[in-house]
2 protein chains.
Amino acid sequence: MLETSKNKFSVMEETIAKQALHKAYERETSALIAHVRDRSNAIAELEDLWYLHDLLSTKRYEIDGKYVYNFSTFVFDCATLVKEKWLYLDDLQGLKPEMLSKISALARM
Amino acid sequence: MLETSKNKFSVMEETIAKQALHKAYERETSALIAHVRDRSNAIAELEDLWYLHDLLSTKRYEIDGKYVYNFSTFVFDCATLVKEKWLYLDDLQGLKPEMLSKISALARM
């Protein structure tokens with residue numbers, strides 16, 4: 001399939017897209033690190049450790065690959081991140097308005 | 001196979017055995033909890049979280065079932081714990097001297 005301006009980003013747009021993903025990544029991972037630190041200070045017995053282990057297993061699975069830039073899934077990836085509040089539409093300013101509308105609409109579903 | 005006094009514990013010996021296992025359990029799990037707390041305070045990035053996850057995966061696998069009292073494997077279980085320094089021969093005082101000698105010898109292997 002030939003790429004047209006409709007299904008690819010300009011260099012500037014790609015930079016904005018990658019920076020936005022990176023911001024979201026920083027937010028989610030910082031929140032996770034803070035949460036793990038809080039939980040760790042409250043560990044009193046082995047069950048608390050295994051709770052932490054289960055949490056890390058889930059999060060590792062969820063985060064693995066989540067922030068890899070991929071144009072073909074970018075709208076859906078962003079909509080998920082907006083829904084989860086790791087990404088804001090403001091982070092995506094500079095992308096085409098129709099793409100922002102799609103992301104915004106998907107994030108509300 | 002008939003049980004004789006050679007291959008079973010008296011009530012008193014079984015109590016000593018279980019208490020010793022419990023002491024070792026407390027030592028290992030307390031050390032693990034302290035280690036995880038220390039590591040957690042030093043978490044700066046995602047890789048540190050995944051290191052913690054790997055550590056907990058290994059420890060969970062190792063500890064699962066390790067402290068279940070079982071007469072038939074008691075000498076070997078104790079020797080492992082003595083070798084790992086979670087258990088001391090003093091914790092086993094009251095058991096038969098020949099059993100203590102076996103545990104001591106195995107722990108040095």
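# Exercises on a predicted two-chain model

The model is predicted. Between chain A and chain B, eleven residue pairs are in polar contact, both residues at pLDDT 80 or more.

## Exercise 1: the side of chain A that touches chain B

**Task.** Find which elements of chain A give two or more residues to the side that touches chain B. Then sort the residues of that side by kind.

**Solution.**
1. The elements are α1 (11–41) and α2 (46–63) of chain A.
2. α2(A) gives the most, with eleven residues.
3. By kind, the residues of this side divide into twelve nonpolar, five polar and five charged.

## Exercise 2: the extent of the interface

**Task.** State how many residues of each chain are in contact, and how much area is buried between the chains. Which three residues of chain A supply more of its buried area than any other three?

**Solution.**
1. On chain A, 22 residues are in contact with 22 residues of chain B.
2. About 2,100 Å² is buried between the two chains. Carbon and sulfur atoms give 68% of that area.
3. The three residues are W50(A), H53(A) and R60(A). They supply 30% of the area that chain A buries against chain B.

## Exercise 3: salt bridges across the interface

**Task.** Count the salt bridges between chain A and chain B. Then check the pair R60(B) and D54(A) against the 4 Å cut-off.

**Solution.**
1. The rule finds two salt bridges across this interface.
2. In the pair R60(B) and D54(A), the closest N and O atoms are 2.9 Å apart.
3. The cut-off is within 4 Å. R60(B) forms a salt bridge with D54(A).

## Exercise 4: an aromatic pair in chain B

**Task.** How many aromatic pairs does the structure hold over all chains? Classify the pair F9(B) and F74(B) as stacked, tilted or edge-to-face.

**Solution.**
1. Over all chains there are eight aromatic pairs.
2. The ring centres of F9(B) and F74(B) are 5.4 Å apart, and their planes stand at 85 degrees, so this pair is edge-to-face.
3. F9(B) lies in the segment before α1 (11–41) of chain B, and F74(B) in helix α3 (residues 74–83), so the pair ties together parts 65 residues apart in sequence.
4. Both F9(B) and F74(B) are buried.
5. In chain A, F9(A), Y69(A), F71(A) and F74(A) form one aromatic cluster.

## Exercise 5: the setting of E28(B)

**Task.** Place E28(B) in its helix. Is E28(B) buried or exposed?

**Solution.**
1. E28(B) sits in helix α1 of chain B.
2. Its relative accessible area is 2%. The cut-off for buried is under 20%, so E28(B) is buried.
3. Beyond its neighbours within four places in sequence, E28(B) is in contact with K59(B), I63(B), K66(B), Y67(B), E84(B) and W86(B).

How values were computed:
Residues numbered from 1 in each chain as written. Chains lettered and ligands numbered in written order. Predicted model: local features only at pLDDT ≥ 70, side-chain atom pairs only at ≥ 80, totals over all residues. Heavy atoms only, no water. Phe/Tyr/Trp six-rings, centres within 6.5 Å; stacked < 30°, edge-to-face > 60°. Helix = DSSP H or I, 4+ residues; strand = E, 2+ residues; numbered from the N terminus. Buried < 20%, exposed > 50% of the residue type's maximum accessible area, 1.4 Å probe, protein only. Contact = heavy atoms within 4.5 Å. Buried area = accessible area lost by both parts, 1.4 Å probe. Salt bridge = Lys/Arg side-chain N within 4 Å of Asp/Glu carboxyl O. Polar contact = N/O pair within 3.5 Å; in protein donor to acceptor, adjacent residues only side chain to side chain. Nonpolar A, V, L, I, M, F, W, Y, C, P; charged D, E, K, R; others polar.
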